[in-house]
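Visitor: I'm new to this one and would rather see one part properly than skim the whole thing. Could you take me on a close tour of the sheet and whatever sits around it?

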Amino acid sequence: MMRARIYLASAAALLLAVYIFVNKGRLAPPVDQAFDGQNALSHVEYQLELGPRLAGSDAHSRAVTYFTSSLEKSAWEVSVQETVFQGQNVRNVIAIRGSGTPWTIVAAHYDSRQVADQDPQAAQRSQPVPGANDGASGAAVLLELGESLPREIQGQIWLVFFDAEDNGGINGWDWILGSRAFVSLLEGKPDAAVILDMIGDKDLNIFYENNSNEAISQELWAEAARAGYGEQFIQRFKHSMLDDHTPFLQAGIPAVDIIDFDYPYWHTTADTLDKVSAASLEAVGITVENWLESRHSK
Ligand SMILES: [Zn+2]
C-alpha cells in the first residue's frame, strides 16, 4: 500500500514535470513587448550616424538594409520596391504581416532633404538636412512597431518606408514621389493608411490635419487621450499638408497624416538628434500600437 502510494505520487510528479516542460517549450506565447521609446530613439540615432539619407548615397542604401534586416528579425515579410517615378529612382521598403481584412498601412518617409533651404543662416542653406525629426523619427517608430506588434493578428498590417518624399522643388524634383509610386502600383484597396511624419519633436504638439480622414483621426486622437497623451494629441484642426497621405486620399483610401508641423528646425541644419525625445516617440508609438491592436486583435 505504502509503496503503491509512493509510486503514484512519483508518477504524478513526473507527469507534472513533463507537462510544465512541454508547455514551456511549446506553448509559451511569443514575446509581445510594449512599444519602447528608448529603443525607438536608438533607431533615430542609428540613421543619423549613417548621415543624410539622400538618393544614391551609401547612407540611403544602408538605411534600406537596416530596415529590411530589422523587420525580417521580427518575422515580417519584407520586400524592397524599386521603381522610377518622374525620372527619379525610388526605393520603398514594404513589410507585411498577415492577410485578408482589415488591411491597415502605417507608413513614414525615410529620405532626408538634400538642402537646408529654411536655415536661418544663408551659408548653411546648401547643406543637407540631418533629418532627425524630418525622416528618421517616423522610420524609427515603424521599426519599433515592427518589434512590438503581436505576431498573431486579424487581417493584415503593412509597415511602409517611403523614399523620395522630401526633395520637392530641388533640381526638378517634386514632393512625395515614393508614396505616389507606391499607390500607383498598389493592387487592392486598404481600409486605412496612417502616415507618421515629424513626430519626434521634444515639444510634441500634434493637431488634426485638415485633409485627413476625420473618423480615423478621431479614433487615433481618442486612443492617445486614453493612453495619457491628450496633451500631445490636441483635438483641434491646424495645418493642411501635402504629405504621403495625399496619394492615398486621391485614390479614395481613408488616410491620416500624424504630423507636428510646429517645428522650428524644419528643413534646417539644426534638425538634429537633440531635438528628438524618447518620450515623444513613445507617445506616438503607443497610440498607433493601441489603435492597431484594437483593429487587428484576434
Ligand atoms: Zn521635410
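Guide: One bit of vocabulary before we start: two strands count as paired if DSSP finds at least two bridges between them. Also keep in mind that what you're looking at is a predicted model.

Here's the setting. The protein has eight helices and eight strands, and of its 298 residues, 44% count as buried. Among contacts with a separation of 6 or more, 80% are between residues 24 or more positions apart.

Now the sheet. It's an open one with six strands, and reading across it you meet them in the order β1-β2-β4-β3-β5-β8, with mixed pairing. At the two edges sit β1 (77-85) and β8 (255-259), each of which pairs on one side only. From one strand to the next, the twist averages 20°. As background, strands of a sheet pair through backbone hydrogen bonds, either parallel or antiparallel.

Let's begin at the β1 edge. On the way in from α3 there is a loop leading to β1, and alanine 75 lies in that loop. Look at its backbone: phi is positive, about 70°, although alanine 75 is not a glycine. That's worth a pause, since most residues other than glycine have a negative phi. Alanine 75 counts as exposed because it has 12 other C-beta atoms within 10 Å, and 12 or fewer is the cut-off for that label.

Next, β1 and β2 run antiparallel and are joined by nine bridges. To find one of them, start from valine 84, whose bridge partner in β2 is asparagine 89. The two strands form a hairpin with two residues between them, and in this hairpin glutamine 86 takes a positive phi near 50°. Glutamine 86 isn't a glycine either. Its label is exposed, because 12 other C-beta atoms lie within 10 Å.

Step across to the next pair. β2 and β4 also run antiparallel, this time with six bridges between them. Arginine 97 is a handy marker here, as its bridge partner in β4 is isoleucine 157.

Follow the chain out of β2 and you enter the loop that leads to β3, where proline 102 has its place. The peptide bond joining threonine 101 and proline 102 is cis, with omega about -5°. In general, most peptide bonds are trans.

Then comes a change of direction in the pairing: β3 (residues 103-109) and β5 (residues 192-197) pair in the parallel sense, over four bridges. Pick out threonine 104 and you can trace one of those links to alanine 192 in β5.

What packs on this sheet? One of the helices is α4 (residues 132-148), which touches β2 (88-98), β3, β4 (156-162) and β5, with its direction making about 140° with that of β3. Helix α8 (residues 278-296) lies across β3, β4, β5 and β8, and runs at about 160° to β3.

That brings us to the core. The largest nonpolar core has 71 residues, and the ones with the most contacts inside it are Ala108, Val141, Leu159 and Ile258. Helix α4 gives the most to this core, with eight residues. Take isoleucine 258 as your example: leaving aside neighbours within four places in sequence, its contacts are Val194, Ile195, Leu196, Ile199, Ile206, Leu220 and Val284.

One more helix ties in here. Both α4 and α8, along with α3 (58-73), are what the buried residues of α2 pack against. Those buried residues are Gly37, Ala40, Leu41, His43, Val44, Gln47 and Leu48. They sit on the same side of α2, because they cover an arc of only 150° around the axis. On the face turned away from that buried side you'll find the exposed residues Gln38 and Glu49.

Last stop: the loop between β8 and α8, home to threonine 269. Threonine 269 is partly exposed, because it has 19 C-beta neighbours inside 10 Å, while a residue needs 20 or more to be called buried. Not counting residues up to four places away in sequence, threonine 269 touches Ala116, Asp119, Gln124, Gln127, Val129 and Pro130. Compare threonine 269 with aspartate 117, too: they are 152 residues apart in sequence, and their C-alpha atoms are 9.0 Å apart in space.

Terms used:
Residues numbered from 1 in each chain as written. Predicted model: local features only at pLDDT ≥ 70, side-chain atom pairs only at ≥ 80, totals over all residues. Axes fitted to C-alpha atoms, helices over the stretch in contact; angles between N-to-C directions. Contact = placed C-beta atoms within 7 Å. Core = buried A, V, L, I, M, F, W, Y, C linked by C-beta atoms within 7 Å. Arc of directions from axis to C-beta.
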